[in-house]
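Here is a walk through one protein model, written for someone who would rather read about pockets and contacts than scroll through them. Have the viewer open and follow along.

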Amino acid sequence: NLFPAVDILKDGSTYTSFGTEPFTPNNKLTYSTIQFQNNFSLFMKDHKLLFGLSVEKYHSENVFFPGSQSVYVYNSIEDFYTDANDYIANPTRTTSPVKLNRFQYRYSNIPGQTEPVQPLDVIYGGIYAQDEYSFSDNLKFTLGVRMDIPIFEETGYRNEAAEKLFFKDENGNTVQYRTDKMPNATPLFSPRLGFNWDVFSNKTTQVRGGTGIFTGQPAFVWVSNQIGNNGMLTGFERLDNTNARPFNPDPNAYAPENVTGAPASRYELSLTDPDFKFPQIWRSNFAVDQKLPFDLVGSLEFIYNKDVNGVYYINANLNDSTANYVGPDSRLRWKGNNKINSNIDNAIVLKNQSEGFSWNIAATLEKPMSKGLYGKAGFAYGVAKNTVDAGSIAFGSWNNNQHSGNPNTPGLGISSYTPDTRYFLALSYRLEYFNLGATTISCFFDSYTNGRASYAMSGDFNGDGGTSNDLIYIAKDKSEMNFEQYTVKVSGVDKTFTKAQQEDAWEAYIQQDEYLNANRGSYAERNGVLLPMVSRLDVSIAQEFFMEFAGKRNAFEVRLDILNFTNLINPDWGVGEIVRVSQPLIARPAATDGTPVYRLANINGELISKTFTNTASLFDVYRLQLSLRYKFN
């Protein structure tokens, strides 16, 4: 990049959120796997035995260099213009005339290094045994056990300076870490039991289910993060509320004059608990399939999952909080330095927890294909809760996890992947005529919850170093609101929003928002906002023309698919909705008595007033797809 990335906070607007590592040049991942698997089966009178082993060799090289082009975050567009113009007038200056909200820079710390490669090598082996036991003609059991063991090669970088530092875990205990210590090779056992019961031995009523522990591979980047963030491979600087890093168009203006391969002067850490285990869940399900009149088949199924080895993150370099806000919103505050070790930006540790769970219930009614007609209808509802929806970046997973208390102990919240409600209907009719051709008309109707959203503060409200992740407190009434008057420019003209105007607008906003209005006097929940359901109908028409070739019937097919047919009928149908502003309150410095202060977001010079707005993706509009196919029979 010829110029550094500039992320601008438009003071008071909805575009106040900024990523801590929003720009990621030179990011690439190469990987390879070699797999071996061998099974041995033994068939007996009432038993089908299976024994096997598998071995996988995984190797990857991840190059991840975010922020290496310098990141400048300003409090307003005017501040950016002031700083940029000051650079033009004085390119050699050492301070900025304005305070930046944040500055970030990541640099190579190894002499001659062109790419900060993170090598990861894992051998993942497993052995397993299974017995399919026919207890009777209509009852079968499947019993099995599997043992997996991952072995990480020591490809990390050792930072002897970092391992002498002291940190704190989520319980306040003093801890130390080695940057090169990969997870221990820990055997993971997965016992399982399943059954299938033909109740009346005539395949009219079938009861099936099972329970067991299931082991899965994690996203390996979770572990390889520590190979990249250790103070040896790269250095990292992040300064908040500073004028010591004035704008400079040279991306390397603030690079160290000399790097020797010794630990960088400032850096961030990604660490993995030595006892970290691959994810495991305990899963149980129970289902009934029943033949019904008119050749229908009904199914009802319930599935429950519980974390055995889930994942979560802590920032072990986070200092103890020093205060609480005063008033109804009395959450923890970090005033002043929030870092235990001032030269360590953060020390994010990947650990295991067993808090998360999910469950899902589903019912279907199916009409098997008969005389050209097929149909199936279904309903499903589910809930998933966890302490974090982990991403690929360690700090991002911790920083972007919304909470209302201590970020190292956020507690259970609704997962971004919770399934919620879904209905569907599939119909298809095929008509053949005179051995000349066939016409098939199909449709699929799908109605589902469009996702969830969180209401969080804009900025680092509690001072813990994480931005835009502090869930808002929902005021009971105007007496609990603490707005600050502010002014923005609209078409070059100043426009001021008074405290009273913001109180009135926020009160009206809460009343029109179903979630906020139902939860007044409490903190918003992570992913607590349920987005409106979206309903779409897809239609397909296929015309086949039969022909004989080599004594067999072949067919040429012309097919037209109309995706989101609902939107073709009416442009207001089949369109999803999302939260227009998920960060409605903008954090400001607390009052002298510790009372929280904030501003209400505005859009184009108008205070926010409406929760939802339409999405504008490819799936929100109708699409026509014409295909030609030749079928060999």
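Let's start at N469, which sits in the loop between β25 (457-458) and β26 (486-490). Keep in mind that this is a predicted model. Is N469 buried or exposed? N469 counts as buried because its relative accessibility is 0%, and the cut-off for buried is under 20%. Setting aside neighbours within four places in sequence, N469 is in contact with W398, N399, N401, Q402, H403, A456 and M457.

**The chain as a whole**

Stepping back, the protein chain has six helices and 37 strands. Its C-alpha trace spans about 85 × 55 × 55 Å along the principal axes. Of the 633 residues, 45% count as buried. What about contacts along the sequence? Take the contacts between residues at least 6 apart in sequence: 75% of them join residues at least 24 apart.

**Helix α4 and its cover**

Helix α4 covers residues 499-512, so to speak a 14-residue run. From its first C-alpha to its last, α4 reaches 20 Å, close to the 20 Å expected at 1.5 Å a residue. Which residues of α4 are buried? They are Q502, E503, A505, W506, E507, Y509 and I510. A bit of helix geometry helps when looking at a list like that: an α-helix has 3.6 residues a turn, so residues three or four places apart point the same way. The cover over the buried residues of α4 includes β26, β27 (493-497) and α5 (514-518), along with β32 (585-588), β33 (597-600) and β35 (606-607).

**Pockets and cavities**

Now for the empty space. Rolling a probe the size of a water molecule over the atoms shows where such space is left.

The second largest pocket has a volume of about 530 Å³. Its lining is made up of 26 residues, and those nearest the centre are I281, D307, G310, V311 and N386. Two or more lining residues come from each of β11 (205-215), β14 (280-292), β15 (296-315), β19 (357-370) and β20 (373-386). Which element gives the largest share of that lining? Strand β15 does, with six residues. Sorted by class, the lining of this pocket has ten nonpolar, eleven polar and five charged residues.

As for enclosed space, a search of the whole structure turns up five cavities of 30 Å³ or more. The largest cavity holds about 60 Å³. Ten residues line the largest cavity, with F64, Q118, N225, N229 and I393 lying nearest its centre. By class, that lining has four nonpolar, four polar and two charged residues.

**Two side chains with polar contacts**

Q226 is placed in helix α2 (residues 221-228). With a relative accessible area of 1%, Q226 is buried. A polar contact of 2.6 Å joins the side chains of Q226 and T272. Beyond its neighbours within four places in sequence, Q226 is in contact with T179, D180, K181, M182, S270, L271 and T272.

R553 belongs to strand β30 (residues 552-563). R553 counts as partly exposed because its relative accessibility is 30%. The side chain of R553 makes a polar contact with the side chain of E432, at 3.4 Å. Leaving out neighbours within four places in sequence, the contacts of R553 are E432, N435, F546, M547, E548 and N633. For a sense of distance, the C-alpha atoms of R553 and H59 are separated by 49 Å, and the two residues are 494 residues apart along the chain.

**Two residues with positive phi**

Most residues other than glycine have a negative phi. Where do S201 and N527 stand? Phi of S201 is near 60°, a positive value, and phi of N527 is near 55°, also a positive value. Here is where the two sit.

| Residue | Phi | Loop | Relative accessibility | Class |
|---|---|---|---|---|
| S201 | near 60° | between β10 (188-198) and β11 | 51% | exposed |
| N527 | near 55° | between α5 and β28 (529-530) | 6% | buried |

Why does S201 count as exposed? Its relative accessibility is 51%, and the cut-off for exposed is over 50%. N527, in contrast, counts as buried because its relative accessibility is 6%.

Note on methods:
Residues are numbered from 1 along each chain as its sequence is written. This is a predicted model: local features need pLDDT of at least 70, side-chain atom pairs count only at pLDDT 80 or more; totals for chains, interfaces and linings use all residues. Side-chain values use heavy atoms; hydrogens and water are left out. Helices (H or I, at least four residues) and strands (E, at least two) are DSSP runs, numbered from the N terminus. Buried means under 20% relative accessible area, exposed over 50%, partly exposed in between (1.4 Å probe, protein chains only). Contact means heavy atoms within 4.5 Å. The expected span of a helix is 1.5 Å times one less than its number of residues. On a 1 Å grid over the protein atoms alone, a cavity is a set of points where a 1.4 Å probe fits but cannot get out, and a pocket is an open set with protein on both sides within 12 Å along at least five of seven lines; lining residues have an atom within 4 Å of a point. Grid points are joined across faces, edges and corners, and a volume is the space filled by probe spheres set on the points. Ala, Val, Leu, Ile, Met, Phe, Trp, Tyr, Cys and Pro count as nonpolar, Asp, Glu, Lys and Arg as charged, and the others, Gly among them, as polar. A polar contact is a pair of N or O atoms within 3.5 Å; within protein, one must be able to donate a hydrogen and the other to accept it, and residues adjacent in sequence count only if both atoms are side-chain atoms.
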